[in-house]
Structures are given as C-alpha cells and as structure tokens.
Amino acid sequence: MATSSDYWEDLRKQARQLENELDLKLVSFSKLCTSYSSNSNRTRDSRSDSGSTQDNVLVAMTTELEQLLANLTGVNDKMAEYTNSPGVSLHNAALMHTLQRHRDILQDYNHEFHKTKSNFFSLREREDLLGSVHRDIESYKSSSGVNNRKTELFLKEHEHLRNSDRLIDNAISIAMSTKENITFQRGMLKSIQTRVTTLANRFPAINGLIQKINLRKRRDSLILGGVIGVCTILLLLYTFH
C-alpha cells in the first residue's frame, strides 16, 4: 500500500509542478498578447521588425503551453486510473476530491489558454489584413506617383513643343515681313530708276551733264588711286632701305 501511496504522491507532485509552471507561463503569455495588442495600434513601419519577433515568441510559447497542458492532462488521467485501481477504496472519497480539484485547475487553465490564444490569433489575422491593405495602399500611391511624374513629363514636353511652334511661327512671320519690305524697296528703286531714265531721255542736256559728272568721278578715282599707289611704293622703298 505504501508503494501505491508513493505513486499517488508522485502524481500529485507532478501535477502541482505542471500547474505552477502553467500558471507562470499563462501570465507571461497573457502579458505578451496584451503587449501585442498595444503594438498593433502603431504604424506598420515602426512595428514591422519587432512585431515579427513578437509573433515568433508567441507562437513558440503557444506550442510550449499546449505541451504542458497535454502533460498535465496525462497526469490527471493517471490519477484517475489510480483511483479506480483495486485496494484504494478506503481512501477513494479523499482521492476523488483531490482529483476533481486538479481537474478543475486543468479546466481553468485550458479555458484561459484557449481564450488568450484565440485573442492572439484574431489580432494577428487582423494585423495581417491591415498590413495587406496598407501595402496595397502604398503600392497604389507609389504607382500613382510614377504616373503623375510621367504625366508631368508629358505636359512639360507638350509645353516645350508649343513654345517651339510659337518660335517657328514668329520666325516665319519675320521672314515674310522682311520679304515684303525687300519687294517694296525693289519696287521703289525700279520706279526711281525708271523716272531718272525718263528724265534723261526727255532732257538730253541733263543726260549729257550726268555722263560728264560720271566721267569726272571716274577720272578723279583713277587719279586718287594712282596717287595712293605711288605713295605706297615710296613708303615701302623707304621702309626696306
């Protein structure tokens, strides 16, 4: 009977140890989930790195708690088997009371764990959804910015083309105006020449006078050219001698 009693006490010791460990882990797990909820209110950029690390810690802690709960369930099952074993009927009421207390504790831990775990995964799904929406918005803003820059470049190029067209139109207008002025001046010169010719034909004396004036001008030009040539030759001879 002593061996059976030792076995029972050993199971109770294992149960208490697992319960204490679960109690501490559940408190830490709840604090981390609360911290995760607080971090979810910050911007995506400020929590991207820390949020990823926190996710990994919470997932690892979830796995660890599930393992501890499974171990405690196994111990409770062994305790239940012990209460049904032969030779313990005299202590059955006390053993069943102890077993029920450990079962209640296990049930409370399971309830608390699944509640906290559900809140954590709901928050993480919400964060993933918000993150996806945020990335879509940033992608849309980025593509819109590129399109706006392209549109701005197209508008600038269009304005440059319009300015070039205006400059070409101005140049053509100036050329046409210049052509008209030259044509007008040529007409005036031709008209003056015609009038002079007409006057010279109508007044032979004036025509002769004009020819004499032209001859004297050519003679004076020849004399002046000869004087300049002689002076240049004399100056060169003086310079080289």
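**Cores, rings and charges in a helical chain**

Q: Which residues touch the most other members of the largest nonpolar core?
A: They are Leu 22, Phe 29, Leu 65, Leu 72 and Met 79, in a core of 24 residues. Helices H1 (2-39), H2 (44-83) and H3 (92-202) each give two or more residues to this core, and H2 supplies the largest share with 10. This is a predicted model, where local features need pLDDT of at least 70 and side-chain atom pairs count only at pLDDT 80 or more, while totals for chains, interfaces and linings use all residues. Residues are numbered from 1 along each chain as its sequence is written, and side-chain values use heavy atoms, leaving out hydrogens and water.

Q: What makes a set of residues a nonpolar core?
A: The members must be buried Ala, Val, Leu, Ile, Met, Phe, Trp, Tyr or Cys residues, joined through side-chain atoms within 4.5 Å. Phe 29 is one of the core residues just named. Leaving aside neighbours within four places in sequence, Phe 29 is in contact (heavy atoms within 4.5 Å) with Leu 58, Met 61, Thr 62, Leu 65, Phe 113, Thr 116 and Lys 117.

Q: How do you know how many helices and strands the chain has?
A: They are read as DSSP runs: H or I over at least four residues for a helix, E over at least two for a strand, numbered from the N terminus. By that rule the chain has 4 helices and 0 strands, in the order α-α-α-α.

Q: Why is Trp 8 called buried or exposed?
A: Buried means under 20% relative accessible area, exposed over 50%, and partly exposed in between (1.4 Å probe, protein chains only). Trp 8 has 5%, so it is buried. Tyr 82, at 8%, is buried too.

Q: What makes the aromatic pair of Trp 8 and Tyr 82 stacked?
A: Rings of Phe, Tyr and Trp (its six-membered ring) pair if their centres lie within 6.5 Å; planes under 30 degrees apart are stacked, over 60 edge-to-face, and the rest tilted. By this rule there are 4 aromatic pairs. For Trp 8 and Tyr 82 the centres are 5.3 Å apart and the planes make 25°, so the pair counts as stacked. Trp 8 lies in H1 and Tyr 82 in H2, so the pair ties together parts 74 residues apart in sequence.

Q: Why do the rings of Phe 120 and Phe 121 get the label they have?
A: Their centres are 4.9 Å apart, within the limit, and their planes stand at 55°, neither under 30 nor over 60, so the pair is tilted. Phe 120 is buried at 0%, whereas Phe 121 is partly exposed at 26%.

Q: How do you know that Glu 66 and Lys 117 meet in a salt bridge?
A: A salt bridge needs a side-chain nitrogen of Lys or Arg within 4 Å of a carboxyl oxygen of Asp or Glu. Here the N to O distance is 2.7 Å, so the pair qualifies. Glu 66 sits in H2 and Lys 117 in H3, 51 residues apart. The whole structure holds 5 salt bridges, including Arg 166 with Glu 159 at 3.7 Å.

Q: What makes Arg 12 buried or exposed?
A: Its relative accessibility is 19%, under the 20% limit, so Arg 12 counts as buried. Its salt-bridge partner is Glu 9, which is partly exposed at 36%.

Q: How many disulfides does the structure hold?
A: A disulfide is a pair of cysteine sulfur atoms within 2.5 Å, and the structure holds 0. Among the cysteines, Cys 33 is buried at 7%, while Cys 231 is partly exposed at 45%.
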